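Got the model loaded in your viewer? Keep the selection tool handy, and we'll go from stop to stop.

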Amino acid sequence: MTDTLAIGQRVDRAEGVGKVTGRATYVADLKVAGMLYGKMLRSPHAHAKIRSIDVEKARALPGVRCVLTAADLDHVDDEPASRAHAVLAKGRVRFQGQPVAAVAADDVHTAEEALDLIEVEYEILPAAIDPLEAMQDGAPQVRQRLVENDDSEAQAHATVATNEVKPTSNKPTNVSTRIHFARGDVARGFQDSDVIIEQTYHIPHVHQSYMEPRAALASWDHQGHLTVHASCQGIFALRAELASILHIPESRVTVIAEEIGGGFGAKIQPIIEPITALLAQKTRRPVKLVLSRSEELIAATPAPETIVELKTGAKRDGSLTALKARVVMDVGCFPGGPLNNVCLLAAGLYKFPALEVDGFEVLTHKASQAAYRAPGAPHGTFVIESQMDALASALGIDRMELRLRHCIATGDLMPNGHPWPFNGMRQVLDAIACHPAWLERKQAPNRGVGFAVGGWMGGLQPASATVRMDRDGSLMIVTGAVDLTGTHTAFRQIAAEEIGVAADQVAITTANTDSAPFAGTSAGSKVIYTIGNAVKAAAADAREQILEIASRELEAAPVDLEIRNGKVSVKGAAERSISLSKIGQVSTAIGSKHTPVLGRGTTTVTQQSPGFAGQLAEVEVDPGTGNVTILRYVSFQDVGRAINPTLVEGQMQGGSAQGIGIALSEQLVYSPDGRLLNASLLDYRTMTAIDLPNIETVIVEVPSPYGPFGAKGAGEPPIVPGPAALANAVRDATGCDFPDLPITPEKVVNALRRAAATS
Amino acid sequence: MSKQILHLTVNGEDREILVQPYQTLLEVLRDEIGLTGAKEGCGTGDCGCCTVLLDGKPVTSCLVVGLQADGHQVTTVEGLESDDGLDPIQQAFVRRGALQCGFCIPGAVVMARALLNENPNPTEAEIRWAMAGNLCRCTGYTKWIEAIQDVVQEVKA
């Protein structure tokens, strides 16, 4: 677009210089006077009774200032309501790596030495590790008594209405949530089918693997006010959790967001901030606590493991008949997983007239789960998009044609009976269908092309922002939003466009929880969509106030004025003008008759704008080694309107790389007794520069009626289609199905051997 | 254990500091000298966030004992910037949007500088191999490659 001042332009991130020079400050970089270093002692067992903890030797070590166990804490329950409330284990540990004691010492080495001196006597108990076994009667129970499920994280992503099946008994069970969706006559649908595909899919636990391990710095003042420097996705959400866990009013907690080195959904639940605050309270000194990478992998909050039995049917003419799915999600030791999203996408992307979906969220003695970019959506998309290719092959119908015939459109019913909001699924499919990478694909031995499409419903949350004009006429956005990967730059562009100035005339600051206007958590692809709308409203309000001042100065009606080239002028009479810097001056000067410009924007968007993404992979499979090489990768995404194409491409490329990781290499591997076997980045393999080709991007723009300037959420969708696109490409190259992720060389070789033996 | 004296040159400045014999070069840089640009992403040499130049060669400073650097030259990300401004690699990373959360970027730009010092005209494959030890979870590396290729072109022109 050429008729914009800022929207659609590749504006550089103002904070980019800080990040390339090492001057940007992350929590681990902070050092304050009197600061102590915190560390946690963690359980080596997945499930055990704590018989005793002896901390005397640790307390006696020179340099140790404090050792805490659950016995020292007032508010820790033996059956905590959530992972965040399980500050230290009381009586029993329920996953390997659960903190049982914490130390604050003069330096980190002394703190670590102190951990070795703490003696814990455990009675090892049988553990529920495999989710299918954990569902059975007689399995070791994760909860000793029933507590209400905490769904606050699912709320943070605010996806869609669920169909929860309420439990009929008060007895605790490892099945923490059940959901059920049904429509039409499924049995009849399968009877009428000419082709039926049945497959069981498995997506293991994966880790979000942000490069910055969790870190927190906490201190208390003499009046009992807590200040936390945090690496978090939402300052207000963190403040609320801390106040709840520590039993103090929110007004006595200040959260300051430092730069965050990646979160991807995991840095919503506060799993280190409460203990850091308690160590600081006990010692009356600032305490910094930073996790190691192995602590992150063993004992943080990975994405859940999911097993899906999926059955679909179709008639020879290509019409779809029925879909039946059973989804089991292993969420580890606390409930609150994205089961609903898996079920809705698995059964909701194509128009099956009859469907039945049963979902089970299962507790196991493993680290509890957290969101990971579009939580649940890659899982649901992987199973249905794998199966659409299998159906197309069995029917002898082109896989693109089958999808275009049956993909949902706005208004079609989702499995929960609600209509699909306005969306661009078809436009994304169309973009793939007419792309040269699809049209000009060639048949060659061991080579294949695959694609998949999936979506993300998009989160909703009320938001507010202010836009202030300063004395020199420049503008300042004040927000409580955490900038994960560039949304602040998009906010500057939104405000600039609304007011009529260039983006470099607008600055932005993240205020702390004491002074920021409320903003929701940066999650669920709702930052631009919701907070961006608040910024737009605040900018519109500021513009009105600017015009009002100019109107009095120029003696012209506000409607006759325009803002252009740093001036407010009368339309058609450019010589009658006042500069923005003059307005800044007259609105703040001593004795001025004008009021300062303070634009205020508050919004609550209530309509979702799902974002769809599609990806196409061209691969070569080495039949000898089973190695899969990605020759070409194209990422397509409907973002409504690309506020900043550079930033949107970055989301598309980074999300693609994460989806490819889920497809080809990432998996947390647990032993039968629940110990993580690959707790390092050498053994837990994320994509490196040599694993990937350049990721091409195709931005599709189907404007949202609700997002600012038509924008939709851009962050989550690009992780969604990757696993299915890769599986379909490898299937195209080998003729074998790969329902069990990741598609490792070993699995490829085995599948080829099995295929050769049966042919 | 008692502290020992470490003499080294960091970003052109001579330093004489007391360090514990078990402190890593990364700890020395971050905790004793206050240069927090290099980051600890793993502490086991797998992620590359702590990459610095030791006598011009890239090392993961979390795997170097501080005292091993005695008498040597260290360049950190802070040393890439000069009075003339940012290193062209730093400029290209900003312009290309090759950074998102930014945590891995100090290590990445130092690694890219080491590559171009050694090989001013690398192919895409050579760039990918050189950067393979620097993990990034945000970008998918495409914009890294473009940024480094931009610098190669600028130098040629």
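Start by selecting residues 215-220 and 287-290 of chain A: these are strands E10(A) and E13(A), and they pair antiparallel over four bridges. Keep in mind as you go that this is a predicted model. To find the register, show A:Leu217 as sticks and look across to A:Lys288 in E13(A), which stands opposite.

Now add residues 226-230 of chain A. That is E11(A), another antiparallel partner of E10(A), joined to E10(A) by five bridges. Here the pair to label is A:Ala216 in E10(A) with A:Ala230 in E11(A). Follow the backbone from E10(A) into E11(A) and you trace a hairpin, with five residues between the two strands. Stop in that turn at A:Gly224, where phi is positive, about 80°.

Before leaving, is E10(A) mostly covered or mostly open? Colour by burial and you'll get the answer: five of the six residues of E10(A) are buried, so the strand is mostly covered.

**Next stop: a four-stranded sheet in chain A**

Select E17, E25, E26 and E27 of chain A. In that order they make an open sheet with mixed pairing. The edges are E17(A), residues 447-456, and E27(A), residues 695-700, each of which pairs on one side only. Look along the sheet to judge the twist: ignoring direction, neighbouring strands are turned by 15° against each other on average.

Zoom in on E26(A), residues 628-638, alongside E27(A): this pair runs parallel, with six bridges. A good landmark is A:Asp638, with A:Val700 of E27(A) opposite.

What packs on this sheet? Select residues 425-433 of chain A to see helix H13(A), which touches E17, E25, E26 and E27 of chain A. The direction of H13(A) makes about 30° with that of E25(A).

**A loop residue worth a click**

Go to A:Gln608, in the loop that links E24(A), residues 598-603, to E25(A), residues 611-621. Is A:Gln608 buried or exposed? It counts as buried because 24 other C-beta atoms lie within 10 Å, and 20 or more is the cut-off for that label.

Turn on the contacts of A:Gln608, leaving out neighbours within four places in sequence, and you should pick up A:Pro421, A:Met457, A:Gly458 and A:Leu460. For a distance check, draw a line from the C-alpha of A:Gln608 to that of A:Ala511: these residues are 97 apart along the chain, and the separation in space is 27 Å.

**Over to chain B**

Hide chain A for a moment and colour chain B by secondary structure. You'll have five helices and five strands on screen, in the sequence pattern β-β-α-β-β-β-α-α-α-α. The C-alpha atoms fill a box of roughly 50 × 30 × 25 Å along the principal axes.

How does the radius of gyration of chain B fit a compact globule? Chain B comes out at 16 Å, and a compact globule of 157 residues would be near 15 Å, so the two agree. Of the 157 residues, 57% count as buried. If you plot a contact map, take the contacts between residues at least 6 apart in sequence: 58% of these join residues at least 24 apart.

Now give residues 4-78 and 88-156 of chain B separate colours; these are domain 1 and domain 2 in the domain assignment. Their C-alpha centres lie 22 Å apart. Where they meet, domain 1 of chain B contributes 15 residues to the contact and domain 2 of chain B contributes 12. On the domain 1 side, pick out E3(B), 51-54, and E4(B), 57-60, each supplying at least two residues. E3(B) gives the most, three residues. By class, that side of domain 1 of chain B has eight nonpolar, five polar and two charged residues.

**Last stop: where the chains meet**

Bring chain A back and select the contacts between the chains. You should get 42 residues in chain B and 41 in chain A. On the chain B side, the elements giving two or more residues are H2(B), 88-95; H3(B), 105-118; H4(B), 124-131; and H5(B), 142-156. H2(B) provides the largest share, four residues. Recolour that chain B side by residue class and it splits into 22 nonpolar, 12 polar and eight charged.

How values were computed: Residues numbered from 1 in each chain as written. Chains lettered and ligands numbered in written order. Predicted model: local features only at pLDDT ≥ 70, side-chain atom pairs only at ≥ 80, totals over all residues. Buried ≥ 20, exposed ≤ 12 C-beta atoms within 10 Å, placed from the backbone. Pairing = 2+ DSSP bridges. Contact = placed C-beta atoms within 7 Å. Nonpolar A, V, L, I, M, F, W, Y, C, P; charged D, E, K, R; others polar. Axes fitted to C-alpha atoms, helices over the stretch in contact; angles between N-to-C directions. Rg over C-alpha atoms; globule rule 2.2 N^0.38 Å. Domains from an automatic or database assignment.
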